[in-house]
Amino acid sequence: MTSTAQQPAAGGLSARPDRLRHVVFIAASAAMGGFLFGYDSAVINGAVEGIRGRFDVGAATLGAVIAIALLGAAGGAMLAGRLADRVGRLRVMQLAALLFLASSIGSMLPFTAWDLSFWRIVGGAAIGMASVIGPTYIAEVAPTEYRGRLVSFQQAAVVLGIAVSQLVNWMVLTLADGDQRGSLLGLEAWQVMLGIAVVPAAVYGLLALRIPESPRYLVSVGRTGEAKDVLRRLEGEHVDLDARVAEIDLAMRSDNAPRFRDLRGRFGLLPIVWVGIGLSVFQQFVGINVIFYYSSSLWQSVGIDPSSSFFYSFTTSVINIVGTVIAMVLIDRVGRKPLAVTGSAGMAVSLAAVAWAFSHKTGTGDNISLPDTQAAVALVAAHTFVLFFAMSLGVAVWVLLGEMFPSRIRAAALGVAACAQWIANWLVTATFPTMSEWNLSGSYVIYAIFATLAVPFILKWVPETKGRTLEEMG
């Protein structure tokens, strides 16, 4: 059997330029779902206060409206794996694009908080599908030696989507004279923020029509001729295509298509599935999405003016991109686990510093403020926290989830892990408005504890997948 693992030539992805250019285009196109995932998740940050004012809702209801998309994401993640194995990876991408499009239009034109919640559930389902199908597809089409970097495209697209959403929000707010409910194009500013997502949704749908189906899916449904053609374009003429198809078929063969009952083990689920769930939960319980969903409101709650708060939301998104680029450069060199452990430790320290700074908040109502020293510490530590997250759990968790499961159960297991991630995300997002009213500093102490606990969990239970083929993950 011919091995497909080739040592990359000097220059990394610049080697074998024609083939790798094709692979990079495919990975980037699939990762457009990650862009929408990031954009749609974070664009709500700019609309929080507008929604609160428009529909006159309290903290608990506001948290429910913001977080309900994540329940839709959990459902979409659970459904995506089964759909991908039945109708193919591309059909799931196209369905996600349609749901994104419908959600953007509906969220832009809501009548009440409740129909806004419905459209957010629809958008959430699309996010969940994109969160599963992106890393699954990219891992299945990427050559082994570049797989970590190419799967990282998903997270790079996510953070780019977050940054673009914050930039768009800031620009819309500026056009509306700093008022989220200011009039713009016949709508309130926050409605325009949510509606602009129709543009990337349409681009995602068009790109999903131009890329090939996963060769592993094609083999699983007996379309071996098409699988060989795709493999030839992805891996080059030097590969023994019959041997590659046989290798993939052997790894994926089972009596039935992957089902959730195939994940059952001694403790309810197979140990590797529990590890994936644990990774997903830790990624969210450090509180990263508080920054991306609530940062504008968060900074305003400690006395920073609205315009500056939107600007700081954008700068944290830029830091998120920087950290992601660092992770993409390092992940195939130093491995997944070292990045995850180092980043988790850095997050724990940063979150503790944020908690200390917020403990010095003074005043009530519209007269809340932080002393200058604590305000500076809070801003620096919040940005450092985002940097450590982006260069560790932000990228490493998605790469690990795309690689660590055996081929026979990969799509179903990734669906369960992603569902757990969205439920954890929902818990953090739904509870933050109430928790911040209770004790903002205490909330960050809790997030710091979870960042600390992630270190021994990763060291003891998480496998290192660097340099191993997907077929070796059995």
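User: Why is arginine 223 called partly exposed?
Analyst: This is a predicted model, and in it arginine 223 has a relative accessible area of 35%. Buried would need under 20% and exposed over 50%, so 35% puts arginine 223 in between, as partly exposed.

User: What makes the pairing of glutamate 226 with arginine 223 a salt bridge?
Analyst: The closest N and O atoms of the two are 2.9 Å apart. The cut-off is within 4 Å, for a side-chain nitrogen of Lys or Arg and a carboxyl oxygen of Asp or Glu, so the pair qualifies. Glutamate 226, with a relative accessible area of 41%, is partly exposed too. Elsewhere, Arg54, Arg181 and Glu188 are joined into one network by salt bridges that share partners.

User: Glutamate 188 and arginine 181 also meet in a salt bridge; how do you know whether each one is buried or partly exposed?
Analyst: Happy to go through it! Their N to O distance is 3.0 Å. Glutamate 188 has a relative accessible area of 14%, which is under 20% and therefore buried. Arginine 181 comes to 36%, between the 20% and 50% limits, so the label is partly exposed.

User: What makes glutamate 140 and arginine 89 a link between separate parts of the chain?
Analyst: Their side chains meet in a salt bridge, N to O at 2.8 Å. Glutamate 140 sits in helix α6 (residues 113-141) and arginine 89 in helix α5 (residues 89-108), so the bridge ties together parts 51 residues apart in sequence. Glutamate 140 counts as buried at 4% relative accessibility, and arginine 89 counts as buried at 2%. A search of the whole structure finds eleven salt bridges.

User: What makes a space inside the protein a cavity, and how many are there of 30 Å³ or more?
Analyst: A 1.4 Å probe must fit there but be unable to get out. The count comes to five cavities of 30 Å³ or more, and the largest holds about 170 Å³ of space.

User: How do you know which residues line the largest cavity, and what is their character?
Analyst: A lining residue has an atom within 4 Å of a cavity point, and 19 residues line the largest cavity. Phe37, Gln155, Val158, Gln284 and Asn289 lie nearest its centre. By class, the lining has ten nonpolar, nine polar and no charged residues. Phe and Val count as nonpolar, whereas Gln and Asn fall among the polar ones. Helices α2 (32-42), α7 (147-175), α13 (271-285), α14 (288-301) and α19 (410-461) each supply at least two lining residues.

Note on methods. Residues are numbered from 1 along each chain as its sequence is written. This is a predicted model: local features need pLDDT of at least 70, side-chain atom pairs count only at pLDDT 80 or more; totals for chains, interfaces and linings use all residues. Side-chain values use heavy atoms; hydrogens and water are left out. On a 1 Å grid over the protein atoms alone, a cavity is a set of points where a 1.4 Å probe fits but cannot get out, and a pocket is an open set with protein on both sides within 12 Å along at least five of seven lines; lining residues have an atom within 4 Å of a point. Grid points are joined across faces, edges and corners, and a volume is the space filled by probe spheres set on the points. Helices (H or I, at least four residues) and strands (E, at least two) are DSSP runs, numbered from the N terminus. Buried means under 20% relative accessible area, exposed over 50%, partly exposed in between (1.4 Å probe, protein chains only).
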